[in-house]
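Me: I am new to this structure and would like a close look at a single part of it. Could you walk me through one strand and its surroundings?

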Amino acid sequence: MKLLLTILFVTMVAGCATAPTPPTIETHIATKAGVIYHTVGRNESFIWPVRGYVLAPFGSKVNNVINKGIDIKASEGSSVKAARSGKIVYCDSHLKGFGKTVIIDHGEGLQSVYSYNSDIMVSVGGKVAKAETIAKVGRTGRA
């Protein structure tokens, strides 16, 4: 069965979450075949967290709302990898409408959010390396 995993890259500015400029994400997705690059500070690249088909790219309209993430169709139970190294700052199912969610703080004002998971393999406060398994793809009611 194919399911959704939503990835959201956010930048924290004065306590408010805002999405990075779309050209940065969209240009690199289109040209780097599966690798998302962000050139701030330590220059560590982002990788795709799961193999799958992009259903809704960053900035696209989904149900008349601008998508601030990347919706990826992937097989249920597939491993979800950390897109970049960082510290786990949230893992729970209390974000209404997102199911089991993991948020990684990558430093430099960058965080990534992984939603609709069936299992979470990490805990708050833990550190993860880029490409480390953090969760398993689950179901979403929107799929």
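Reply: Happy to! Across the whole protein, residues 24 or more positions apart account for 55% of the contacts (heavy atoms within 4.5 Å) with a separation of 6 or more. Bear in mind that this is a predicted model, where local features need pLDDT of at least 70, side-chain atom pairs count only at pLDDT 80 or more, and totals for chains, interfaces and linings use all residues. Residues are numbered from 1 along each chain as its sequence is written, and side-chain values use heavy atoms, leaving out hydrogens and water.

The protein has 14 strands and 1 helix; these are DSSP runs numbered from the N terminus, with at least two residues (E) for a strand and at least four (H or I) for a helix. Let us look at strand β12, which spans residues 110–120 and contains N117. With 5% relative accessibility, N117 counts as buried, meaning under 20% relative accessible area with a 1.4 Å probe and protein chains only. A polar atom of the N117 side chain lies 3.0 Å from the backbone oxygen of K100. The backbone oxygen of Y114 lies 2.9 Å from a polar atom of that N117 side chain.

Next comes the partner of β12. Strands β11 and β12 pair antiparallel over 6 bridges, where pairing takes at least two DSSP bridges between two strands. One of the bridge partners is S112 in β12, matched with I104. The two strands form a hairpin with 2 residues between them, and E108 in the turn has a positive phi of about 55 degrees.

Strand β11 (residues 100–107) is also joined by 5 bridges to β10 (residues 86–92), again antiparallel. There, K87 has D105 in β11 as its bridge partner.

Note on methods. Buried < 20%, exposed > 50% of the residue type's maximum accessible area, 1.4 Å probe, protein only. Polar contact = N/O pair within 3.5 Å; in protein donor to acceptor, adjacent residues only side chain to side chain.
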